[in-house]
Amino acid sequence: MHASKTNLPILVEAGPNQVRGADWGDMRVAVVSVPAGADFGPLLAGLPNDRCQGEHWGYVIRGRLRITDSANKQEVLAGGDFYHLVPGHTGVAEEETEFIEIGLPGPHQQFVDQAKKNSAAM
């Protein structure tokens, strides 16, 4: 199974922020593109602790993300980094950023639904 970025359906589009993805087997693959300064907080508002509840494995194609975990510990992910995020995280793009995430569809869909609801209210 394979797809180009442009062949993946848009799951969330909030201004210049875009998440494209598809469910492959038991996992969801997503490509996220955000501008510098993009704060995931407003899209996550309303989820438990206003944080993403999914567990993700991913790769930063380009850019920089500052991730804050449930203990408020921060780390920076930059282009070329592979990563693993546990539930209870949020983030801010320090630069225009594009990254790939893989995780379970259920928690990711919870984010998608909440992000759509929040972006419609903005």
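Two strands pair if DSSP finds at least two bridges between them, and in this predicted model strand 5 and strand 8 clear that bar with 4 bridges, running antiparallel.

**View 1. Strand 5 and its partners in the three-stranded sheet.** Here 3 strands make up an open sheet, in the order 6-5-8, with antiparallel pairing. Strand 6 (74–78) and strand 8 (90–93) sit at the edges with a single partner strand each, so one side of each has no neighbour in the sheet. From one strand to the next, the twist averages 25°. On one flank, strand 5 (residues 64–68) pairs with strand 6 over 5 bridges, again in the antiparallel sense. T68 is a handy residue to zoom in on: its bridge partner in strand 6 is Q74, and its bridge partner in strand 8 is T90.

**View 2. Strand 8, covered on both faces.** In a regular strand, side chains alternate between the two faces of the sheet. For strand 8, T90 and V92 go to one side while G91 and A93 go to the other, and all of these are buried. So although strand 8 is an edge strand with one side left without a neighbour in the sheet, both of its faces are covered.

**View 3. The six-stranded sheet.** This one is an open sheet too, built from 6 strands in the order 1-2-3-9-4-7 with antiparallel pairing. Its edges belong to strand 1 (10–14) and strand 7 (82–85); each has a single partner strand, so one side of each is left without a neighbour in the sheet. Ignoring direction, neighbouring strands are turned by 20° against each other on average. Helix 2 packs on this sheet and touches strand 1, strand 2 (17–24), strand 3 (27–34), strand 4 and strand 9. The helix direction makes about 35° with that of strand 1.

**View 4. Strands 4 and 9 side by side.** Strand 4 (residues 56–62) and strand 9 (residues 97–103) run antiparallel and are joined by 6 bridges. Look for W57, which stands opposite I102 in strand 9.

**View 5. S119 on helix 2.** S119 belongs to helix 2, which spans residues 105–121. Its side chain reaches back to the backbone oxygen of K116 at 3.2 Å. Leaving out residues up to four places away in sequence, S119 touches A14 and L43.

**View 6. The largest nonpolar core, with L65 in the frame.** In soluble globular proteins, nonpolar side chains tend to be buried together. The largest nonpolar core here has 24 residues, and V19, F40, L65, F99 and F111 have the most contacts inside it. Two or more residues come from each of strand 1, strand 3, helix 1 (41–44), strand 5, strand 7 and helix 2. Zooming in on L65, and skipping residues up to four places away in sequence, you'll find it touching F40, E75, V76, L77, V92, A93, T97 and F99.

**View 7. The R28–D23 salt bridge.** Side chains of opposite charge can pair when their charged atoms come close. The model has 6 salt bridges in total, and this view picks out the one where the side chains of R28 and D23 meet at 2.6 Å, N to O. Which of the two is buried, and which partly exposed? R28 is buried, with a relative accessible area of 7%, whereas D23 is partly exposed at 42%.

**View 8. R62 and its two acidic partners.** R62 meets the side chain of E96 in a salt bridge of 3.3 Å, N to O. That pair links distant parts of the chain, 34 residues apart: E96 lies in the loop between strand 8 and strand 9, and R62 in strand 4. E96 counts as partly exposed at 48% relative accessibility, and R62 is partly exposed as well, with a relative accessible area of 34%. R62 also forms a salt bridge with E98, where the closest N and O atoms are 3.8 Å apart. This second pair links distant parts of the chain too, from R62 in strand 4 to E98 in strand 9, 36 residues apart. At 10% relative accessibility, E98 counts as buried. Shared partners bring K5, R62, E96 and E98 together into one salt-bridge network.

Notes:
Residues are numbered from 1 along each chain as its sequence is written. This is a predicted model: local features need pLDDT of at least 70, side-chain atom pairs count only at pLDDT 80 or more; totals for chains, interfaces and linings use all residues. Side-chain values use heavy atoms; hydrogens and water are left out. A polar contact is a pair of N or O atoms within 3.5 Å; within protein, one must be able to donate a hydrogen and the other to accept it, and residues adjacent in sequence count only if both atoms are side-chain atoms. Contact means heavy atoms within 4.5 Å. Axes are lines fitted to C-alpha atoms, for helices over the stretch in contact, and angles run from 0 to 180 degrees between N-to-C directions. A nonpolar core is a set of buried Ala, Val, Leu, Ile, Met, Phe, Trp, Tyr and Cys residues joined through side-chain atoms within 4.5 Å. Buried means under 20% relative accessible area, exposed over 50%, partly exposed in between (1.4 Å probe, protein chains only). A salt bridge is a side-chain nitrogen of Lys or Arg within 4 Å of a carboxyl oxygen of Asp or Glu.
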